[in-house]
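I opened a fresh page for this chain and wanted to work from the overall counts down to single residues. These are my entries, in the order in which I looked things up.

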Amino acid sequence: MGRALLALGLAGIAAPAAWALPTFNEVRADYRPSDTLVLSREGEVLQRLRTDATVRRGQWVPLAEVSPALRTALVLSEDKRFYEHSGVDWRAVSAAAWGNLWNQRTRGASTLTMQLAGLLDGDWRQGAGGRSVVQKLGQTVAAQVLERRWRKDQVLEAYLNLVPFRGEIVGIDALSRTLFGKAAHGLDEREAAVAAALVRAPNARPALVAQRACGVLREMQKPVVPSCDALDLFTTAALQRRAFDGADGVAPHFARYLLRQPVAAQAVPSDTPAADAEPARRERVTSTLSAPLQRFAVQTLHQHLRELRGRNVEDGAVVVLDNATGEVLAWVGSSGALSQAGEVDGVLAPRQPGSTLKPFLYAQAFAEQRLTAASLIEDSSAHIPTASGLYIPQNYDRQFKGWVSARTALAASLNVPAVRTLVMVSPDAFFRQLRALGLPLRESGDYFGYSLALGSAEVPLLHLANAYRALANGGPYGPVAVTPVQQGAGAPRAATPAAPAMDPRAAFLVGDILSDGNARARTFGTDSVLATRFWTAVKTGTSKDMRDNWALGWSRRYTVGVWVGNASGAPMHDVSGTSGAAPVWAEIMGWLHRAGAGVRSRPPAPPEGLVQAAVRFGPEPGGARLIESARQEWFIAGTQQPLFAIDNVAEQPMKALASGPNRPNPASSAPEDGLQAPSPRILSPAPGTIVALDPDIPPDRQRLQFAATSAQPQAHAGLRWRIDGRVQGRGAQWAWLPWPGRHRVELLDGGGQVLDTISLEVRGAGLKK
């Protein structure tokens, strides 16, 4: 009588906790997988990313998506009368009590519902020494409460998703994907038997698990032929497998970036650094990425990098932005398995942008009316005094084009005119312009000096692409967005307001120049990969020593940025502006505007304050050829003029400049009567010249001009050029296709006598012909 009263008292203590059990919907709502699914704007799964390192828990699996074999195996193994009892199997309880009385081993009386109660409330969970009397009573009451409130299918579904199987693995989704590499609906009888056996002994030895699985198969009336030996081998292999990787999909870097952002964030400023904060714990997150575009970008980048493997290129990155909203439509952070640094996100990694900063420089000069698109800038040797000495910018091939218009200088990506333009604007003012465009430059303009015009600062691809989006939009700058601007039908979210960052007239001028195939033909030709069948504006760039190659450009609707190089910083070999990033840029732009997509790109309308006028150019100094052909040009109103020419340029100083430093200019003097005329000498290149080949320019267009001169023109006949002991060219003037290395250049007369000798060095990529 006393024991009965004690049992009733203990049951009364346990009853309140049992009645406080959650509902099925509450359990389902509180369930958190260890992974987060990143969805595309179309609702497709783009990436699965592990966000909880303490447990391996997959997605919640509805009972209808669990294989019938597993449901059968689990019930036969754990609770044969599951569909008959109301939470407690009293027949099993009686059998267990009788077995304990006679010290016999029994199967146990804990039903699936009772085990689920223990999973829902830790107070009833079995410890190392088994459950106490209070725990057993509480579990019994809780199981009956669950059966009154829940349906049988809900009990079984919750149990399958919450039960620990082995080690860190919890729930059927994680188990089936980790041990068997498939979804729960695909488990066969053998796999289901192993899973059911793990429920009872999660951390047992493989042989014991196989033995119990063999027993489950027999109960399922599946004959084991010839014995359980084959199942033992299968179980051992399965328990060693870890097929459920921490990440899976086509957007791993984007997923990590997205999940670092606050849950409520609607738009993320593009200058937000990649924080090391714990990723937000969310089950599913809808992103701005377009699944078809993301897959195409990944495929295109990987295919192109495979083609460049012989040129020491293994990394790349792509980002595509919607011009109007700033939504990120594609984000490819690396080449994945092709790279030795696949975890490095090339979209966020700071790299030297090379010539891709020039459009912002010229835009600023246009806005401040220091230049027009037709203004003439001298592309010649320049010596600029700085606090640390003379800064002498050079074109990579040491070939100067003379006087060129600003349109040609930008489109052809000439370095010296860009530096001269920065001298007008000043490094500090240009630094402030770049900061206004969201580029995260950490140092001041004085720190970079005039090299800032050539991209000496480091910027990430995401920020650079968003700055180009400001050009595409006519000047306003706004942050990028990684969650959709449209949050469901009838609930639009406005894009983050943009702030004016540059003059819209200047932005239009830059776009008009970078879309001008004729203006860039001098460097890239008229049939380069940059020429699209629809309106686009594009700029390539290469950093020092060919460590980074870029292509950034826009159409009316999209901005596309591409970077290729090596995450390690190793230089590339023979990669030009049209063979590195540009082909990937062109492929993606073509896909975005493919026939049938309904997306057209026409030239933008000029903003107010611009006028178009006819312009002519004067002759080159000392020559009869015009500097450039006449054309129609755009001007900011009030800056237009009909003629651009160079006056009062002495011919003799130009010749002296061309002869090189510290060398006499033979062309500046004539032989005196009665004296022997000087023999021919090498006029150019100068001794000690260092030639760095420009990766943005096709190799055939980077020939080094050799020139010899003498007071006796007849002496030019029969001249030959010998390089490293081998005759390579003839005549007083000759264009040489250089190749890397240190070279000895000799000028020979018709009889083979050495008339003059110089040494020079060629750096970078080249083709030996």
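The entries below go from the whole chain to its sheets, then to some helices, and end with one serine.

**Entry 1: the whole chain.** I noted at the outset that I am reading a predicted model. I counted 23 helices and 29 strands in the protein chain. I then looked up burial, and found that 52% of the 769 residues count as buried. For the contacts between residues at least 6 apart in sequence, I recorded that 71% join residues at least 24 apart.

**Entry 2: the sheet of four strands.** I traced an open sheet of 4 strands in the order E6-E2-E1-E7 and noted that its pairing is mixed. At its edges I found strand E6 (247-249) and strand E7 (284-286), and because each has a single partner strand, one side of each is left without a neighbour in the sheet. From one strand to the next, the twist averages 15 degrees. I followed the pairing of strand E2 (residues 45-50) with E6, which is antiparallel and runs over 3 bridges. Within this pairing I looked up glutamine 47, whose bridge partner in E6 is glycine 249.

I next asked which helix lies across E1, E2, E6 and E7. Helix H12 (residues 252-260) does so, running at about 65 degrees to E2, and the E1 it crosses covers residues 35-39.

**Entry 3: the sheet of three strands.** I found another open sheet, in which 3 strands follow the order E3-E5-E4, again with mixed pairing. Strand E3 (56-57) and strand E4 (164-166) are the edge strands here, each pairing on one side only. I checked E4 against strand E5 (residues 169-170) and recorded antiparallel pairing over 2 bridges. Arginine 166 stands opposite isoleucine 169, which belongs to E5.

**Entry 4: helix H8.** I asked how many residues of helix H8 (residues 172-179) are buried. The count is 7 of the 8, so I entered the helix as largely enclosed by the rest of the structure. By name, the buried residues of H8 are Ile172, Asp173, Ala174, Leu175, Ser176, Thr178 and Leu179. After H8 comes glycine 181, for which I noted a positive phi near 65 degrees.

**Entry 5: helices H10 and H11.** I looked at how helix H10 (residues 206-219) meets helix H11 (residues 229-240), and found that their axes come within 9 Å and cross at roughly 125 degrees. I therefore described H10 and H11 as oblique to each other. The crossing in which H10 passes H11 is right-handed. On the H10 side the contact is made by Pro206, Ala207, Val209, Ala210, Ala213, Cys214 and Leu217, and on the H11 side by Leu231, Asp232, Thr235, Thr236 and Leu239. I sorted the residues of this contact by character and obtained 9 nonpolar, 2 polar and 1 charged.

**Entry 6: serine 679.** I located serine 679 in the loop between helix H23 (651-658) and strand E22 (681-684). Is serine 679 buried, exposed or partly exposed? I entered serine 679 as partly exposed, because its relative accessible area of 30% falls between the cut-offs of under 20% for buried and over 50% for exposed. Finally, I looked up serine 679 together with aspartate 749, which is 70 residues away along the chain, and noted that their C-alpha atoms are separated by 9.4 Å.

Definitions and conventions:
Residues numbered from 1 in each chain as written. Predicted model: local features only at pLDDT ≥ 70, side-chain atom pairs only at ≥ 80, totals over all residues. Heavy atoms only, no water. Buried < 20%, exposed > 50% of the residue type's maximum accessible area, 1.4 Å probe, protein only. Axes fitted to C-alpha atoms, helices over the stretch in contact; angles between N-to-C directions. Parallel < 35°, antiparallel > 145°, perpendicular 65-115°, else oblique. Left-handed = near helix turned anticlockwise from the far one by under 90°. Contact = heavy atoms within 4.5 Å. Nonpolar A, V, L, I, M, F, W, Y, C, P; charged D, E, K, R; others polar. Pairing = 2+ DSSP bridges.
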